Amino acid sequence: MALNDRIDYVKGQSTVRAKKYLYILRELLACHYVEQNLSAPPIRIEELVVQLDEAMYKKYEELVEIKGRGTELGKVASGKIMNQWIVERLAHFEAFASKLEVDMKHPTADLDKYLARWAYRVWEI
């Protein structure tokens with residue numbers, strides 16, 4: 001999602017809605033959380049931003065303030081620091097994901113059987 005959001009809303013733009021930067025930030029922080037904890041990330045961004053270094057946390061706070069003001073749709077100048085961080089994080093997580101070995105049976109057939117059993121029970125009543 002972060003990759004698509006970057007392409008759609010940030011890349012090549014002179015101004016970006018603060019909300020879009022926050023979406024991308026949350027998605028990348030969630031990826032970092034998964035990488036570090038091997039579990040589902042918290043939903044609240046406030047629980048994820050603790051991972052940021054001081055400079056990026058300051059950028060996060062600025063974005064939240066701008067979004068909260070709502071002036072000019074909360075637009076900010078496309079920032080070199082933020083954009084570079086996004087590019088670096090995207091590259092890191094793409095490399096990380098490519099190394100993951102997922103051996104998981106596709107659940108569709110089992111789910112279809114389960115749903116069919118319940119449907120037959122309901123219809124036989």
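Trainee: What share of the residues in the chain is buried?
Mentor: Happy to start there, and keep in mind that this is a predicted model. The chain has 125 residues. Of these, the buried residues make up 26%.

Trainee: What pattern does the chain follow along the sequence?
Mentor: Begin with the inventory: the secondary structure comes to five helices and two strands. Reading along the sequence then gives the order, α-β-α-α-β-α-α.

Trainee: Which element gives the most residues to the largest nonpolar core?
Mentor: In soluble globular proteins, nonpolar side chains tend to be buried together. Here the largest nonpolar core has 23 residues, and Leu25, Leu52, Trp85 and Ile86 have the most contacts inside it. Two or more residues of this core come from each of helix 2 (18-37), helix 3 and helix 4 (80-99). The top contributor, with eight residues, is helix 2.

Trainee: Which residues does tryptophan 85 touch, leaving out those up to four places away in sequence?
Mentor: Good one to look up in the structure. Contact here means heavy atoms within 4.5 Å. With that cut-off, tryptophan 85 touches Leu25, Leu28, Leu29, Leu52 and Met56.

Trainee: Are the rings of tyrosine 57 and tyrosine 60 stacked, edge-to-face or tilted, and what is the angle between the planes?
Mentor: Ring centres must lie within 6.5 Å to pair, with planes under 30 degrees apart called stacked and those over 60 edge-to-face. By this rule there are three aromatic pairs. In one of them, tyrosine 57 and tyrosine 60 sit 5.7 Å apart, centre to centre. The pair is tilted, with the planes at 45°.

Trainee: Which of those two tyrosines is buried, and which is partly exposed?
Mentor: They are three residues apart in helix 3 (residues 54-69), about one helical turn. Buried means under 20% relative accessible area, and exposed over 50%. At 32%, tyrosine 57 is therefore partly exposed. With 7%, the buried residue is tyrosine 60.

Trainee: What kind of pair do tyrosine 120 and tryptophan 123 form?
Mentor: Both lie in helix 5 (residues 108-124), three residues apart, or about one turn of the helix. Both are also exposed. Their ring centres are 6.1 Å apart and their planes are at 80°, so the pair is edge-to-face.

Trainee: Which residue lies over the face of tryptophan 118?
Mentor: A charge counts as over a ring if NZ of Lys or CZ of Arg is within 6 Å of the ring centre and within 35 degrees of the ring normal. The distance from the ring centre is 4.9 Å here, and the residue is arginine 121.

Key:
Residues are numbered from 1 along each chain as its sequence is written. This is a predicted model: local features need pLDDT of at least 70, side-chain atom pairs count only at pLDDT 80 or more; totals for chains, interfaces and linings use all residues. Side-chain values use heavy atoms; hydrogens and water are left out. Rings of Phe, Tyr and Trp (its six-membered ring) pair if their centres lie within 6.5 Å; planes under 30 degrees apart count as stacked, over 60 as edge-to-face and the rest as tilted. Helices (H or I, at least four residues) and strands (E, at least two) are DSSP runs, numbered from the N terminus. Buried means under 20% relative accessible area, exposed over 50%, partly exposed in between (1.4 Å probe, protein chains only). A nonpolar core is a set of buried Ala, Val, Leu, Ile, Met, Phe, Trp, Tyr and Cys residues joined through side-chain atoms within 4.5 Å.
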